[in-house]
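Welcome, and please load the model in your viewer with a cartoon representation. We will go from the whole chain to a sheet, and then to a few residues worth selecting.

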Amino acid sequence: MTLTNQAPQQCPKCGSSIKLVPAGVSKRTGKPYNAFYACSNRDCDYIFRQPSKQDKIVEALKQILKNQVAISQKIDKLAGSFEAFTLIFTKQDDPEGTSQDDTSEIS
Ligand SMILES: [Zn+2]
């Protein structure tokens, strides 16, 4: 979902004109609300709200989270190949487990 500040000129649902509803206090919940655009057609329920700062922050956080998932997936992939890489080297370094014998001689 992309947030936009632009209200449509016409209702995308029924094609009626869009009117600005000024900010006020909800009679139903008693909570203040920001100005929003609504369809002038009474039978239509289309409403356009300008994204608030909070909405924008949430949107930005979602984007960061998305990027983080992508990065962690890359790290997982890298870690997987690194594991395979070290396995090969451990085998070559110590083909018969001789390093254990070396340490027993010192002690
Ligand atoms: Zn409408």
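Before the first selection, one term: two strands pair if DSSP finds at least two bridges between them. Keep in mind as well that this is a predicted model.

**The whole chain**

Start by colouring by secondary structure. You should find two helices and five strands, and following the chain along its sequence gives the pattern β-β-β-β-β-α-α. Now colour by burial: of the 107 residues in the protein, buried ones make up 2%. If you prefer a contact map, take the contacts between residues at least 6 apart in sequence; 39% of them join residues at least 24 apart.

**The sheet**

Next, select S1, S4 and S5. These three strands form an open sheet in the order S1-S4-S5, and the pairing is antiparallel. Its edges are strand S1 (18–21) and strand S5 (47–49), each of which pairs on one side only. Turn the view to look across the strands: the twist from one strand to the next averages 25°.

**From S1 to S4**

Zoom in on S1 and S4. Four bridges connect them, in the antiparallel sense. Which residue of S4 is the bridge partner of Val-21? Select Phe-36, and you have that partner.

**From S4 to S5**

Move on to strand S4, residues 36–39, and its pairing with S5: the two run antiparallel and are joined by three bridges. For an example, pick Ala-38, whose bridge partner in S5 is Ile-47.

**A stop at Ile-18**

Go back to strand S1 and select Ile-18, which lies in it. Is Ile-18 buried or partly exposed? A residue is buried if 20 or more other C-beta atoms lie within 10 Å of its own. Ile-18 has 19 within that distance, so it counts as partly exposed.

Show its surroundings too. Beyond the neighbours within four places in sequence, Ile-18 is in contact with several residues, among them Ala-7, Pro-8, Cys-11, Tyr-37, Cys-39 and Phe-48. Ser-40 is another of its contacts; draw a distance between the C-alpha atoms of Ile-18 and Ser-40 and you should read 5.6 Å, although they are 22 residues apart along the chain.

**Last stop: Ser-52**

Finally, select Ser-52, in the loop between S5 and helix H1 (53–93). Ser-52 counts as exposed because it has 11 C-beta neighbours inside 10 Å. To finish, add Asn-34 to the selection: its C-alpha atom is separated from that of Ser-52 by 8.7 Å, with their positions 18 residues apart along the chain.

Key:
Residues are numbered from 1 along each chain as its sequence is written. This is a predicted model: local features need pLDDT of at least 70, side-chain atom pairs count only at pLDDT 80 or more; totals for chains, interfaces and linings use all residues. Axes are lines fitted to C-alpha atoms, for helices over the stretch in contact, and angles run from 0 to 180 degrees between N-to-C directions. A residue is buried if 20 or more other C-beta atoms lie within 10 Å of its own, exposed if 12 or fewer, and partly exposed in between; C-beta atoms are placed from the backbone. Two residues are in contact if their C-beta atoms, placed from the backbone, lie within 7 Å.
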